[in-house]
Amino acid sequence: MALTPLVYWAQRHEEIYLRVELTDAQNIDVHVDENVLHFSAQGHGAKGQNEYKFSLEFLLPVKPQVSYKSTQRQVNITVHKIQRGWWEKLTVQERKPVFLAPDFDHGFEGKTFLGFSWIFVNMTVRLFIIGRDSLYDTFHTISDVMFFCQILASVEVLNAAFGVVKTGVIPTLIQMVGRNFILFIIFGSLEEMHHKPVVFFVFYLWSAIEIFRYPFYMLGCFNTEWKTLTWLRYTVWMPLYPLGVLAEAVAVIQSIPIFDESKLFSIPLTKVIGTSVSFSYFLYIYLVLMFLGLFINFHHLYKQRKRRFRTKKRKAN
């Protein structure tokens, strides 16, 4: 199995310089493909004589022409920027040693992916075997794993805040708060909602998005890309995310009369007034905020997708 060498980088306004710590490197292959630099060589590195490889997806577009010079102690690579300027960092997903140790973060992503995969497969199999009846007991069958996955997924906000994952903090926070509100408040606190078919659609749409997103992040941890998975990660959300928000809105609407009748989470007023403010008033406001959040996140995800594939489109033109 190929190992990853030690790589150092520096920059000028026009170029990026990489220094690969390999002694007596042979069979060197360096090329840039769709803004990703690929390197492979035989040599003596940090773990002895072996084959060494790595891939780097640059933060901004670079020219496909790349040059390198091999010395007895190292391999020096020069990459030319398309647009002159100073980069804040080298890669799209450059991991930083802050707050979360990489081993813990890999475990978080792997466990969350396995959880959502189990949910998706379980619900699919039950739907084919049991049929329509499986829609009515989704909560009792799936909820424990979904609670676990959503608690783990809350770490994403910290990852975004500390730069471990290249994504916006606000969109990630909106999604995390929105899902947890539906899961813990709407479904978790109302037993009457447990048998509603809308639970099936909410859980199914959530898991369908995540089974593509988390493997993409996991491969990114190892500087590896699978083009089909990348396309799916930046495309499947376009129909699934709005459908998921629509299913969440249906769940909120169905819960309003239950909150009105049960008086759960109602805010009591003074004895002089002798009444209380129903929690359903907050839910009406939440519905408006939900679709505002949909617009914000949809715009953010669309910009991500456009930025991800813009190099390919320029080459096609």
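Leu-135 touches Leu-127, Lys-196, Pro-197 and Phe-200 in this predicted model, when residues up to four places away in sequence are left out of the count. The residue itself sits in the loop that connects helix 1 (102-130) with helix 2 (138-153), and because its relative accessible area is 12%, below the 20% limit, Leu-135 counts as buried. A link across the sequence appears here as well, since the C-alpha atoms of Leu-135 and Val-199 are 7.7 Å apart in space although 64 residues separate the two along the chain.

**The chain as a whole**

The chain has 317 residues, and 47% of them are buried. Its secondary structure consists of eight helices and nine strands. If one takes the contacts in the chain with a separation of 6 or more, 67% of them are between residues 24 or more positions apart. The accessible surface comes to about 17,500 Å², and carbon and sulfur atoms hold 62% of that area.

**Nonpolar cores**

The largest nonpolar core contains 47 residues, and those with the most contacts inside it are Ile-182, Ile-186, Phe-187 and Phe-203. At least two residues of this core come from each of helix 1, helix 2, helix 4 (169-187), helix 5 (197-221), helix 7 and helix 8 (279-316). Apart from this core there is another one, of 22 residues, which includes Val-32, Phe-58, Ile-77 and Leu-90.

What does Phe-187 touch, not counting residues up to four places away in sequence? Its partners are Phe-139, Ile-182, Met-193, His-194, Val-198, Val-199, Val-202, Phe-203 and Ala-251.

Glu-210 belongs to helix 5. Is Glu-210 buried or exposed? With a relative accessible area of 1%, which is under 20%, Glu-210 is buried. Beyond its neighbours within four places in sequence, Glu-210 is in contact with Phe-116, Gln-175, Arg-179 and Pro-215.

**Spans listed in the record**

An unreviewed UniProt entry lists residues 113-130, 142-162, 169-187, 199-219, 240-259 and 279-302 under "transmembrane region". Two of these spans can be set beside what the model shows over the residues concerned.

| Span | Helix | Strand | Distance between end C-alpha atoms |
|---|---|---|---|
| Residues 113-130 | 100% | 0% | 25 Å |
| Residues 240-259 | 100% | 0% | 28 Å |

**Strands and hairpins**

Strand 1 (residues 7-11) and strand 2 (residues 15-20) run antiparallel and are joined by five bridges. Three residues form the hairpin connection from strand 1 to strand 2, and Tyr-8 stands opposite Arg-19 in strand 2.

Strand 3 (residues 23-33) and strand 4 (residues 36-45) also run antiparallel, with seven bridges between them. Gln-26 stands opposite Gln-42 in strand 4. The hairpin of strand 3 and strand 4 has two residues between the strands, and in it Glu-34 takes a positive phi near 50°.

Most residues other than glycine have a negative phi, so a positive value is worth noting. Asp-24, which is not a glycine, has a positive phi of about 55°, and its place is in strand 3. Asn-27 likewise has a positive phi, near 50°, without being a glycine, and Asn-27 too is placed in strand 3.

How do these residues stand with regard to the surface? Asp-24 is partly exposed, because its relative accessibility of 45% falls between the limits of 20% and 50%. Asn-27 is exposed, because its relative accessible area of 63% is over 50%.

**Confidence in the model**

The mean pLDDT of the chain is 84, and 86% of the residues reach 70 or more. Among the elements of the chain, the lowest mean pLDDT, 74, belongs to helix 3 (residues 155-161), while helix 7 (residues 237-262) has the highest, 94. Over residues 94-107 the pLDDT stays under 50, and the model has 20 contacts beyond four places in sequence for this stretch. Residues 311-317 also have a pLDDT below 50, and beyond near neighbours in sequence they have six contacts in the model. Where pLDDT is low, the predicted coordinates should not be read in detail.

Notes. Residues are numbered from 1 along each chain as its sequence is written. This is a predicted model: local features need pLDDT of at least 70, side-chain atom pairs count only at pLDDT 80 or more; totals for chains, interfaces and linings use all residues. Side-chain values use heavy atoms; hydrogens and water are left out. Helices (H or I, at least four residues) and strands (E, at least two) are DSSP runs, numbered from the N terminus. Buried means under 20% relative accessible area, exposed over 50%, partly exposed in between (1.4 Å probe, protein chains only). Contact means heavy atoms within 4.5 Å. pLDDT is the predictor's confidence in each residue, from 0 to 100. A nonpolar core is a set of buried Ala, Val, Leu, Ile, Met, Phe, Trp, Tyr and Cys residues joined through side-chain atoms within 4.5 Å. Accessible areas come from the Shrake-Rupley method with a 1.4 Å probe; for residues, only the protein chains shown count as cover. UniProt positions are given in the numbering used here, feature names are shortened, and annotations may be inferred rather than shown by experiment. Two strands pair if DSSP finds at least two bridges between them.
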